[in-house]
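Notebook open, coffee poured. I want to go through this one feature by feature and jot down what I find.

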Amino acid sequence: MEKAKQRLDLGLRFFCIVLFSFLVLLVSWQVVTRFIFNAPSSFSEEFVKYCFVWLALFGAALVFGEKGHIAVSFVKERFSAPFRHVIHWLTELITSAFAVLVMIIGGTQLMLLTWSQTSASLGVPVGLLYSAIPISGIFIVIYCAFHMHALTKTAPKQK
């Protein structure tokens, strides 16, 4: 199970690095065409927006998988170890429910609803651009499963 998580982490890291590099190149291209050639690129502005959204969604899934997300841990640390264990389980279950209901189901509905629309300057289906929502939701659910599997191995300790 740990090897699968490491492979997923590696794949998402690589994808986020590629997206970020591409984002830097696109923004640089837009600056060059706007200020040096005095003819702004028509496709790069919209492409940058979508790359940024994709980077944010896949980056959020990666950070969630590494447990690097924002947490109010000082409140949680005031409770006993068994209660903290329950809080960890509830957090994973609530996050899974959100990812399934909002990101996967809602994101898929949004993707299908906008599939027939075409992006103005890119000429691709808008649904393709929105597909990052359910895909990143799937990654979050997978990470929740990894975290819940790890929670089954750790027994709560009494203080």
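**Nonpolar patch**

I began with the surface, and found that α3 (73-76) and α4 (81-113) each supply at least two residues of a nonpolar patch. Worth keeping in mind: I am looking at a predicted model. The patch members I wrote down are Val-72, Phe-74, Val-75, Phe-79, Phe-83, Val-86, Leu-90, Leu-93 and Ile-94. Together they have about 840 Å² of accessible area.

Which helix gives the most to the patch? I checked, and α4 does, with five residues.

I picked Val-75 for a closer look. Val-75 sits in helix α3. Its relative accessible area is 37%, so I logged Val-75 as partly exposed. Patch membership asks for over 30% relative accessible area, and Val-75, at 37%, is above that cut-off.

**Largest pocket**

Next I looked for empty space. The largest pocket holds about 270 Å³.

What lines the largest pocket? My list reads Phe-64, Lys-67, His-69, Ile-70, Ala-71, Val-72, Lys-76, Ile-87, His-88, Thr-91 and Glu-92. I sorted the lining by type and got five nonpolar, three polar and three charged residues. Here too α4 gives the most, this time with four residues. Val-72 turns up in my notes twice, as a member of the nonpolar patch and as part of the pocket lining.

**Salt bridges**

How many salt bridges are there? I get three.

Lys-5 with Asp-9: the closest N and O atoms are 3.0 Å apart. Both residues belong to helix α1 (residues 2-36), and they are four residues apart, about one turn of the helix. I then asked whether these two are buried or exposed. Lys-5 has 13% relative accessibility, and the limit for buried is under 20%, so Lys-5 counts as buried. Asp-9 is at 7%, so Asp-9 counts as buried as well.

Glu-66 with Arg-13: this salt bridge is 2.7 Å, N to O. It links distant parts of the chain, with Glu-66 in the loop between α2 (44-65) and α3, Arg-13 in helix α1, and the two positions 53 residues apart. Glu-66 has a relative accessible area of 38%, so I put Glu-66 down as partly exposed. Arg-13 comes out at 36% and is also partly exposed.

Glu-45 with Arg-34: I read 3.9 Å, N to O, for this salt bridge. Glu-45 lies in helix α2 and Arg-34 in helix α1, so the pair ties together parts eleven residues apart in sequence. The cut-off is within 4 Å, so this pair at 3.9 Å makes the list. Glu-45 is partly exposed at 41%, and Arg-34 is partly exposed at 34%.

**Positive phi**

I went hunting for odd backbone angles next. Most residues other than glycine have a negative phi.

Asn-38 is not a glycine, yet its phi is positive, about 55°. I placed Asn-38 in the loop between α1 and α2. Asn-38 is at 65% relative accessibility, and exposed means over 50%, so I logged Asn-38 as exposed.

Lys-67 has a positive phi too, near 55°. Lys-67 is in the loop between α2 and α3. With a relative accessible area of 46%, Lys-67 counts as partly exposed. I had already noted Lys-67 in the lining of the largest pocket.

**Two distances**

Last, I took two C-alpha to C-alpha distances. How far apart are Pro-82 and Leu-128 in space? I get 44 Å, for 46 residues of sequence separation. Pro-82 is found in helix α4, and at 23% relative accessibility Pro-82 counts as partly exposed.

The other pair is Gln-6 and His-88, which are 82 residues apart in sequence and 21 Å apart in space. Gln-6 lies in helix α1 and is partly exposed at 48%. His-88 I knew from the pocket lining.

Technical notes:
Residues are numbered from 1 along each chain as its sequence is written. This is a predicted model: local features need pLDDT of at least 70, side-chain atom pairs count only at pLDDT 80 or more; totals for chains, interfaces and linings use all residues. Side-chain values use heavy atoms; hydrogens and water are left out. Patches are made of residues with over 30% relative accessible area and no salt bridge: like charges are joined within 9 Å, nonpolar side chains (Val, Leu, Ile, Met, Phe, Trp, Tyr) within 5 Å. Accessible areas come from the Shrake-Rupley method with a 1.4 Å probe; for residues, only the protein chains shown count as cover. A salt bridge is a side-chain nitrogen of Lys or Arg within 4 Å of a carboxyl oxygen of Asp or Glu. Buried means under 20% relative accessible area, exposed over 50%, partly exposed in between (1.4 Å probe, protein chains only). On a 1 Å grid over the protein atoms alone, a cavity is a set of points where a 1.4 Å probe fits but cannot get out, and a pocket is an open set with protein on both sides within 12 Å along at least five of seven lines; lining residues have an atom within 4 Å of a point. Grid points are joined across faces, edges and corners, and a volume is the space filled by probe spheres set on the points. Ala, Val, Leu, Ile, Met, Phe, Trp, Tyr, Cys and Pro count as nonpolar, Asp, Glu, Lys and Arg as charged, and the others, Gly among them, as polar.
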